[in-house]
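Let's walk through this fold together, going from a single contact out to the whole chain and back to individual side chains. Keep the viewer open as you read.

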Amino acid sequence: MWPTITATVHTRDWTATDRLGNHVEAYNAPTQARVLVAPGATSDLGANRPEGVRVDLTLHFTKAWSNPAALRGAKIALPAPWAGTYKVVGVPEAYMPDLVPGTLYLPVEVQRY
């Protein structure tokens, strides 16, 4: 069993609007998820892409999180030693849960928010 921690996940509410009907950045009620924290990849940073997306951490969600698409645009709060809020980069793609041994199947790249 991998050493996971509890993260607080705030999924995006993509239907939220202001009083004039303009879309606004809003979030649903927080939920808890178990994640394994790993260092972020730096493959997008280099001489040929100096303004590439920075990835601070990669969070590996357990199979208990059943909706990877809900993490698009989400904010995730982590406890110490990574204490802070992070925003999901892109749209997470899960491995096929039936083909992954163990509980971790969803890598999610995040950057500090």
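**A guided look at the fold**

The structure, which is a predicted model, holds one salt bridge. Its partners are Glu25 and Lys87, and their closest N and O atoms are 3.6 Å apart. Glu25 sits in the loop between strand S1 (5–10) and strand S2 (31–39), while Lys87 belongs to strand S5 (residues 84–88), so the pair ties together parts that are 62 residues apart in sequence. In general, side chains of opposite charge can pair when their charged atoms come close. As for its surroundings, Glu25 is partly exposed, with a relative accessible area of 44%.

Now zoom out to the whole chain. The protein chain has six strands and zero helices, and its elements therefore read β-β-β-β-β-β from the N terminus on. How are the six strands arranged? They close into a barrel in the order S1-S2-S3-S6-S5-S4, with antiparallel pairing. On average, neighbouring strands of this sheet are turned by 45 degrees against each other, direction ignored.

Strand S1 is a good place to start tracing the barrel. Five bridges join S1 to S2, and these two strands run antiparallel; Ala7, for instance, has Ala33 as its bridge partner in S2. S1 is also joined to strand S4 (residues 75–78) by three bridges, again in an antiparallel arrangement. Here Val9 is matched with Ile76 as its bridge partner in S4.

Which side chains of S1 are buried, and which are not? Ile5, Ala7 and Val9 point to one face and are buried, whereas Thr6, Thr8 and His10 point to the other face and are not. This fits a general pattern: in a regular strand the side chains alternate between the two faces of the sheet.

Another part of the barrel involves strand S3 (residues 57–62), which is joined to S6 by six bridges, the two strands running antiparallel. Thr62 has Leu104 as its bridge partner in S6.

Stay with strand S6 (residues 104–112) and pick out Val108, which lies in it. Val108 has a relative accessibility of 1%, so it counts as buried. Which residues does Val108 contact, leaving aside neighbours within four places in sequence? They are Leu57, Thr58, Leu59, Phe61, Leu71, Val88 and Pro92. Another pair to look at is Val108 and Arg72: they are 36 residues apart in sequence, and their C-alpha atoms are 9.6 Å apart in space.

Next, return to the loop between S1 and S2, where Thr11 is found. Is Thr11 buried or exposed? Its relative accessibility is 13%, which means that Thr11 counts as buried. Not counting residues up to four places away in sequence, Thr11 touches Tyr27, Asn28, Trp65, Ala70 and Ala74.

Finally, a few totals put these details in context. Of the 113 residues in the protein chain, 34% are buried. Among contacts between residues at least 6 apart in sequence, 58% join residues at least 24 apart. The accessible surface of the protein chain comes to about 7000 Å², and carbon and sulfur atoms account for 56% of that surface.

Key. Residues numbered from 1 in each chain as written. Predicted model: local features only at pLDDT ≥ 70, side-chain atom pairs only at ≥ 80, totals over all residues. Heavy atoms only, no water. Salt bridge = Lys/Arg side-chain N within 4 Å of Asp/Glu carboxyl O. Helix = DSSP H or I, 4+ residues; strand = E, 2+ residues; numbered from the N terminus. Buried < 20%, exposed > 50% of the residue type's maximum accessible area, 1.4 Å probe, protein only. Contact = heavy atoms within 4.5 Å. Pairing = 2+ DSSP bridges. Axes fitted to C-alpha atoms, helices over the stretch in contact; angles between N-to-C directions. Areas by Shrake-Rupley, 256 points an atom, 1.4 Å probe, with all protein chains shown as cover.
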